Structures are given as structure tokens and as C-alpha cells.
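These entries record what I looked up in one structure. I began with charges over rings, then turned to aromatic pairs and to a single serine.

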Amino acid sequence: MKVTISDVARAANVAKSTVSKVLNDSPKISAETKLRVREIMKQMNYIPSSIATGLARQSSHTVGLLIDMSKESEFLNQFFYNIIGGIESVIGPLGYELTLCNIQHHAAEDHFLNRLVLNQRVDGIIANNSVLTEELSKELDRLRFPYVSIGELEPAASWVDFDNEAGGRMLTSHLLQQGYTKPAFIGGERNERIFSRRLSGYLQAMQQSDCIVRQDWIVNGPADEHEGYRAALKLFQHGDRPDSVVCMTNYTAFGVLKAARELGIGVPGQLGVAAFDEYPLSRYTTPPLTSLNIDTFKLGVTSGQWLMDHIQGRCTASRQLILEPELIPRESTAGLL
């Protein structure tokens, strides 16, 4: 039997009007009451009819792009703006606005599900899979709320991503084909799906070429210039050092190049450096970086198209798409002397 607003009111020992005000985020209702009522809604699997059917509310004509403002490397990356441009190129002509939504709110009542979804402030959501976890996607599925993940999620969700595993294989295989025999891997947090995929590709290429994998040459950390520099200094100051590096980002690679320059290690003659990401640094470093071109504008376009299809009822089935990266060889991997 379908749970009604009256059932929620009885379970919470409040009036129906109070539940209604919680749904509309009324400032007249205390944060404590909102939190308690929303928890009961979740426990009872209550779905407001306005969300379930889309008939009881007016469209906000707004799409939310979720970001985590605590992860500066994400929203300062050129990729972020390419994705925004791709999304906007789709939704703008359809009369929709794109709003950036920070998920970093410590109070439970400010969780984006409450602020944006249950309070109906956006018609759909796009987010990176570091923000839109599988747990959150299941809750959005339960609410039948439109969303698309940029980055792989569980098969039931709609997501678009690049083949990060293939990218790891491509960069590592390229280094080996250029005559480097001891590649390291620098950058990326172990709990990040994108790191595990890229590292998996690196390991596959090493194993296919019968190269020894040194665990101490796989260095985790933020994929930025400072971590690249720190990790490279540590690796390069040993007698038995790697002769090449696969970098998680070109920011990481920038730090590696800085460390090599300070230590008098020539690139590419003594060290090969290759990186994921073409923008914004790869073609401007000294020497120019071998990198992977990832069409992030297309990521934005695809996610925008799929979300609008869902919002406007053209297609509500989940879809997945994996795009292939393009290897761009440059001077940083020209070969050992």
C-alpha cells in the first residue's frame, strides 16, 4: 500500500500541515523537526507525489551541477569549465538554467537531497561520481528523480565516462615502446574510482610486457603539482630510480618536471614523463608533455542531453557510455639517450 502524507504525520506525531511545510522547507519549522520528519519519510519509503509523478509541481527550469567546494583541484581544473560549457550548450536553448550547488553543508537538514530534491528547487542533477556515490544514486532512484553521473557508477545508473583503464594502458605502453623499462605511477587517492581504473591500466601494460611492478614506485596522494614534486624528489634521489613516470594529471607531471630539473635529470633523455589530461599545461611545459586528450566538452554535452531526455520524458531508462581517449605523443617521451 502506498504511504501517504497522513501516514507520515501519524508516525511523526505531527499535523499533516507540518509535514507539508517540511516538504516545502518552511522556515517556520525547526531544524530538529525537519530532520525527524525527513528521517521518518525515508524509513517509510515515502515519496512525495510531486516528485514521483512530476504533475503536482511547476518545473523550476533549473538543472543542478553538484560540486564539492572542499576539493579545490576539481573546480579549478579546466575540465570543469569544459563540462559546464557542454551542459549549457544543451540545456540553454531549451530554456533551462544551470546552477552550481555546493554539497559541503555540515548540518543534516542542509543535505542536497533535502535542499534541492525534496524541496524541488531543481528538475534534475548532474554530478561527478566522487560526489554522487552509489548510495546517493540509489536514493535518487527510489525518489525517481532525474540525474546523470559524470563518471562510472553502478550499472543501474545513467553515467558517461572515459575509458580510464585504456588510458593507463596507452600511456604505459607508449613509454615502454619508446624504450623506457621502469615506469612509476604518481598521483591519485586510493579510494578514488578514477585512480583504481588508471592504475589498473598501468598494471596491465606492465604485466603484458613482463615488466616488474614495484609497489614503492606507485605513489598515492593529491593529483597536484605539490604532490608530483614531493613524490618525484623521493623517487629520484635513490640509486635505483624509475626511468619514466605515468602521472595522474598534468598538474602532477608539472611537479615531476620541476623535481627532475632541480636534480639535473634530463627529460626525455634520462626520464620519460607522460600524463593523463591534455589541458591546461601539457603543450606549454618544457619539454611539452605526452598526454591523453579527453574531450570533456563532450562529457558535458552527453550528460546534458541524457538529463533533458529524462526530465522531458523522452527516455527514462538508464544509459551508459564510455568514450575513448586519444594519445598525443610529445617531446617528454622521445626516448632515452
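I count a charge as sitting over a ring if NZ of Lys or CZ of Arg is within 6 Å of the ring centre and within 35 degrees of the ring normal. I note at the outset that the model is predicted.

**Entry 1: charges over rings.** I looked up Lys258 and found its charged end over the ring of Tyr229, 4.9 Å from the ring centre. I then turned to Arg198, whose charged end lies over the ring of Phe276, 4.0 Å from the centre of that ring.

**Entry 2: aromatic pairs.** With ring centres required to lie within 6.5 Å, I obtained 3 aromatic pairs. One of them joins Phe185 and Phe195 edge-to-face, at 5.9 Å centre to centre and with 75° between the planes. This pair links distant parts of the chain, 10 residues apart: Phe185 belongs to strand β6 (residues 183-186) and Phe195 to helix α10 (residues 193-208). I recorded both Phe185 and Phe195 as buried. Together with Tyr202, Phe185 and Phe195 make up one aromatic cluster.

**Entry 3: Ser158.** I located Ser158 in the loop between β4 (147-150) and β5 (159-162). Is Ser158 buried or exposed? I entered Ser158 as buried because its relative accessibility is 13%, and the cut-off for buried is under 20%. A polar atom of the Ser158 side chain lies 3.0 Å from the backbone nitrogen of Arg319. Setting aside neighbours within four places in sequence, I listed the contacts of Ser158; among them are Tyr147, Val148, Ser149 and Trp306. The list for Ser158 also includes Ala317, Ser318, Arg319 and Gln320.

Technical notes
Residues numbered from 1 in each chain as written. Predicted model: local features only at pLDDT ≥ 70, side-chain atom pairs only at ≥ 80, totals over all residues. Heavy atoms only, no water. Helix = DSSP H or I, 4+ residues; strand = E, 2+ residues; numbered from the N terminus. Buried < 20%, exposed > 50% of the residue type's maximum accessible area, 1.4 Å probe, protein only. Polar contact = N/O pair within 3.5 Å; in protein donor to acceptor, adjacent residues only side chain to side chain. Contact = heavy atoms within 4.5 Å. Phe/Tyr/Trp six-rings, centres within 6.5 Å; stacked < 30°, edge-to-face > 60°.
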